[in-house]
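Trainee: Please give me a close look at the empty spaces in this one, and at a few residues on the strands. Take it slowly, since the vocabulary is new to me.

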Amino acid sequence: LLLIAGSYLYLHNRSTVLVADNTSRVVTLADGTRATLAPHATLSYRGNDCREVAVTGKVFLEVAHDARHPFTVTDNAYTIRDIGTKLMVDETAEATTVLVTEGAVSFSANTSQKAVVLRQNESARLAVQDNAPQALRLSPNAVAWATHTFHFNDTPLPEVLRDLSAYYHVRLTCDDGSAKRLTGDFHTDSLDSIISIINETLDVSINH
């Protein structure tokens, strides 16, 4: 009996830790949830319950929905509970940021009973000294590092250029495009190809 009890406690308390090294890592958890870890990010859970995880760094989650067992991301400071979702969690020493690209989550500080509900394209940030998450305006393309796709829907060209500049770490400008708007999806493989298509489609000249 003692051996059986000891084995159970060992398996129940054992932690699984998934780590991305210098490149992004994609893993599919036992429940079907797909997790994309940015370089140096981690995702961990205890025992066999991969429906309650902890993360460090930046992680994009495509959660397999289970109404009887909600997916939860938690640590000592916060709790994020899935309501059927794709979301990014970015945890740093200063704050935790959540961006929802599909579905909805509740996001709360563990010091408060009040949760913020975030829906598609909504985001919030919980700083270490705060008792509640604060609304934050992030572009949905903040997850392009994980999805490898830019999505624009009647987006003003200046916002398009900001998203592209942030992703590729360049400074893109356009003198004649402030009134233009863009709709379309682009793979992240080639900035030059994206610029060429935008120039031709909107009849503009993007500089970088």
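Mentor: Happy to, and let's begin with the word you'll meet most: two residues are in contact when they have heavy atoms within 4.5 Å of each other. Before using it, keep in mind that this is a predicted model, where local features need pLDDT of at least 70, side-chain atom pairs count only at pLDDT 80 or more, and totals for chains, interfaces and linings use all residues. Residues are numbered from 1 along each chain as its sequence is written, and side-chain values use heavy atoms, with hydrogens and water left out.

First, the overall picture. The chain has four helices and 15 strands (DSSP runs numbered from the N terminus: H or I over at least four residues for a helix, E over at least two for a strand). Its C-alpha atoms fill a box of roughly 75 × 35 × 30 Å along the principal axes. Of the 208 residues, 41% count as buried, meaning under 20% relative accessible area with a 1.4 Å probe and protein chains only; over 50% is exposed, and partly exposed lies in between. Among contacts with a separation of 6 or more, 42% join residues 24 or more positions apart.

Now the hollows. Rolling a probe the size of a water molecule over the atoms shows where empty space is left. On a 1 Å grid over the protein atoms alone, a cavity is a set of points where a 1.4 Å probe fits but cannot get out, while a pocket is an open set with protein on both sides within 12 Å along at least five of seven lines; lining residues have an atom within 4 Å of a point. Points are joined across faces, edges and corners, and a volume is the space filled by probe spheres set on them.

The largest pocket holds about 940 Å³. Its lining takes in 35 residues, and the closest to the centre are Ser 139, Pro 140, Asn 141, Ala 142 and Asp 163. Strands S5 (52–62), S8 (86–91), S9 (95–102) and S14 (149–156), plus helices H2 (144–147) and H3 (157–168), each give two or more residues to that lining. S14 gives the most, with six. By type, the lining splits into 13 nonpolar, 12 polar and 10 charged residues (nonpolar is Ala, Val, Leu, Ile, Met, Phe, Trp, Tyr, Cys and Pro; charged is Asp, Glu, Lys and Arg; polar is the others, Gly among them).

Stay on S14 for a moment, where you'll find Thr 155. With a relative accessible area of 12%, Thr 155 is buried. Beyond its neighbours up to four places away in sequence, Thr 155 touches Val 160, Lys 180, Arg 181 and Leu 182. The Thr 155 side chain also reaches the backbone nitrogen of Asn 153 at 3.1 Å. That's a polar contact: a pair of N or O atoms within 3.5 Å, where within protein one must be able to donate a hydrogen and the other to accept it, and residues adjacent in sequence count only if both atoms are side-chain atoms.

The second largest pocket holds about 150 Å³. Of its 16 lining residues, Ala 77, Tyr 78, Leu 126, Ala 127 and Val 128 lie nearest the centre. S9 and strand S12 (123–127) are the elements giving two or more residues there. This lining divides into eight nonpolar, four polar and four charged residues.

S12 is also where Ser 123 lies. Ser 123 counts as buried because its relative accessibility is 4%. Leaving out residues up to four places away, Ser 123 touches Val 98, Leu 99, Leu 118, Ala 135, Leu 136, Arg 137 and Leu 138. Two of those partners come up again: the Ser 123 side chain reaches the backbone oxygen of Leu 136 at 2.4 Å and the backbone nitrogen of Leu 138 at 3.3 Å.

On to the cavity: counting those of 30 Å³ or more gives one, and about 30 Å³ of space lies in it. Leu 61, Phe 71, Val 73, Ile 80, Arg 81, Asp 82, Leu 87 and Val 105 line it, and strand S7 (residues 78–82) supplies the largest share, three residues. Six of the lining residues are nonpolar, none polar and two charged.

Last stop, Thr 42 in strand S4 (residues 42–46). Thr 42 is buried at 19% relative accessible area, and a polar contact of 2.6 Å joins its side chain to that of Thr 56.
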